[in-house]
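Trainee: I've got a model open and I'd like to learn how to read its sheet. Can you walk me through it?

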Amino acid sequence: MSIRKTILGAGASTLFLGCFTAAQAQVTVKLYLVSLLEGSQFLAPATLQLKAFASDPDGIQKVEFFSGATLLGTGSLNGLVYTLTVPNVGAGNYSITAKSTDNLGNTKTTAATNVSVKNGKVYGAPGTITPVPLYTSSAPYGYNEYLPGGYDPDNAVKKWPLVISLHGNGGQPGFDTTTGEVQVKNLDQAIEGVQMAILMDGLKLPALVLQPQADSNAGGWNNVDAFLTYALGRYNVDTNRVYLTGHSWGGMGAWAYAGDRISGVTCASRLAALFPLCGGGGSPTATKGIRMANLPTWAFHSYGDQTIGSIPTIQWVNYIAGATCYNDAADNPNRAIKLYDLLYTFSGAGYEKVGNQATTAPVTTINYSASPAFIPATNEEIDAMRTVSYDGIGWDWQPGQTRNVSAKLFLTFYPAKAHIIWRDQYAISDLWTWVFQQTRAPAVRAVFKSERFAATPAAVNKVYAGSLSTNTVSPNGRARTFSRDT
């Protein structure tokens with residue numbers, strides 16, 4: 001059974017496989033596995049991370065793990081969880097159980113969890129999305145794997161672009177409130193953003209698309225760099241054509257990673273392009289902006305997004321361009337480029353007022369930390385979608401998503417207050433045409449030939465109220481309800 005069929009068909013199945021409570025001389029014993037998901041597939045040679053929660057008022061003597069009748073080993077207590085690492089597991093099918101023995105000698109055994117180990121280099125097949133749960137691999141996150149049509153993991157000549165897509169807040173797996181362990185189920189809930197456009201809009205991309213499921217108990221997107229390293233080691237990837245995107249909460253993570261520096265390496269230097277959608281936060285600073293100055297970036301936000309305000313996105317773009325931001329005492333006065341804050345230029349984009357002051361005169365009273373943290377405020381409106389480019393000299397506003405071709409930095413604003421712009425934006429072919437034009441080494445592009453991008457046309461210039469149809473039918477006829485909007 002494939003893990004995709006297992007997860008997407010699981011419905012109301014529970015994470016706590018083999019969970020039960022039994023009375024033993026008025027003593028309650030609790031035991032359940034927390035690290036395996038029924039039907040999970042591993043790649044040989046596999047390392048099984050076995051974890052079980054066991055609790056008894058009289059104390060637990062030991063917890064043992066079995067494959068069928070074969071003892072794999074005895075778990076070590078770590079916090080509230082007994083753990084056992086089983087390395088070098090070969091191809092085959094395995095039926096895993098955990099057995100607890102309390103201090104009175106009583107034993108309890110979980111129901112079996114069936115997993116398989118297969119030979120190969122990838123989890124799914126080309127043209128499909130396959131869930132890879134946490135603990136199924138050495139990745140720091142569980143993730144959804146999309147392989148493009150024609151993908152060949154063994155082709156030493158043709159390498160494939162990689163898109164890492166960070167999901168919104170609704171894709172978080174959660175964690176066991178008793179043990180603190182990350183929940184390994186519900187990876188289908190993390191299928192958002194790019195992979196949802198693949199499923200629902202028929203989007204065809206000539207690239208790997210990996211969508212990790214963040215660990216909400218470990219600080220969210222703190223392991224993006226480790227995940228990228230894992231992906232480059234596992235998949236047949238062109239390291240010069242790695243792209244990072246994210247929407248909403250994932251957009252915050254994309255900004256934060258691109259502006260970071262880890263072990264002396266600027267994270268932006270590992271990317272060929274960045275394109276976050278409606279993501280704020282990430283603590284933009286002049287230092288982070290300088291790190292990202294040479295990274296092709298196309299950001300998207302709604303002017304009046306009241307879920308994640310547009311001001312942080314504006315700040316990121318200001319810092320990347322080298323603009324002097326209002327009320328920023330940390331700004332470097334010796335910076336070579338002195339550029340007006342992006343908000344100065346709103347009048348040329350149909351914006352009439354900032355803080356009730358006309359933008360035709362210098363504005364010095366904008367407080368980015370004040371509420372509301374979005375544009376426009378009351379009685380202030382943007383008339384239509386606009387894109388601003390920074391070409392190294394100044395700002396250039398154009399209608400719709402038209403860009404200055406000489407620029408590397410763009411910001412497209414949607415009108416009104418909509419937050420859920422990714423449902424349209426990820427299905428627009430023009431975005432992907434731009435993405436795959438970006439590379440860290442132009443001379444190596446001759447091997448790769450772009451395919452046509454098939455996507456359902458999206459109405460991108462309309463003003464909508466912040467919500468779309470509550471139900472969308474996927475190409476395979478399966479109804480999908482969108483309920484995770486942040």
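Mentor: Let's go from the sheet to the helices on it, and then to one loop residue. Keep in mind that this is a predicted model.

Trainee: What is the order of the strands in the open sheet?

Mentor: Strands of a sheet pair through backbone hydrogen bonds, in either a parallel or an antiparallel way. Here, 10 strands line up as E12-E13-E15-E14-E16-E19-E20-E25-E23-E24, and the pairing is mixed. The edges are E12 (129-132) and E24 (395-399), each of which pairs on one side only. From one strand to the next, the twist averages 20 degrees.

Trainee: Which helices pack on the sheet?

Mentor: Take H3 (residues 224-234): this helix touches E13, E14, E15 and E16, and its direction makes about 150 degrees with that of E14. H4 (residues 249-258) also packs on the sheet, touching E14, E16, E19 and E20, with about 135 degrees between its direction and that of E16.

Trainee: Back at the E24 edge, how many bridges join E23 to E24?

Mentor: Five, and the two strands run antiparallel. One pair to look up is tyrosine 390 with its bridge partner in E24, tryptophan 395.

Trainee: And asparagine 404, in the loop between E24 and E25: is it buried or exposed?

Mentor: The cut-off for buried is under 20% relative accessible area. Asparagine 404 has 15% relative accessibility, so it counts as buried.

Trainee: Which residues is asparagine 404 in contact with, leaving aside neighbours within four places in sequence?

Mentor: Ser389, Asp391, Asp396 and Phe410. With aspartate 391, the asparagine 404 side chain makes a side-chain polar contact at 3.4 Å.

Note on methods: Residues numbered from 1 in each chain as written. Predicted model: local features only at pLDDT ≥ 70, side-chain atom pairs only at ≥ 80, totals over all residues. Heavy atoms only, no water. Pairing = 2+ DSSP bridges. Helix = DSSP H or I, 4+ residues; strand = E, 2+ residues; numbered from the N terminus. Axes fitted to C-alpha atoms, helices over the stretch in contact; angles between N-to-C directions. Contact = heavy atoms within 4.5 Å. Buried < 20%, exposed > 50% of the residue type's maximum accessible area, 1.4 Å probe, protein only. Polar contact = N/O pair within 3.5 Å; in protein donor to acceptor, adjacent residues only side chain to side chain.
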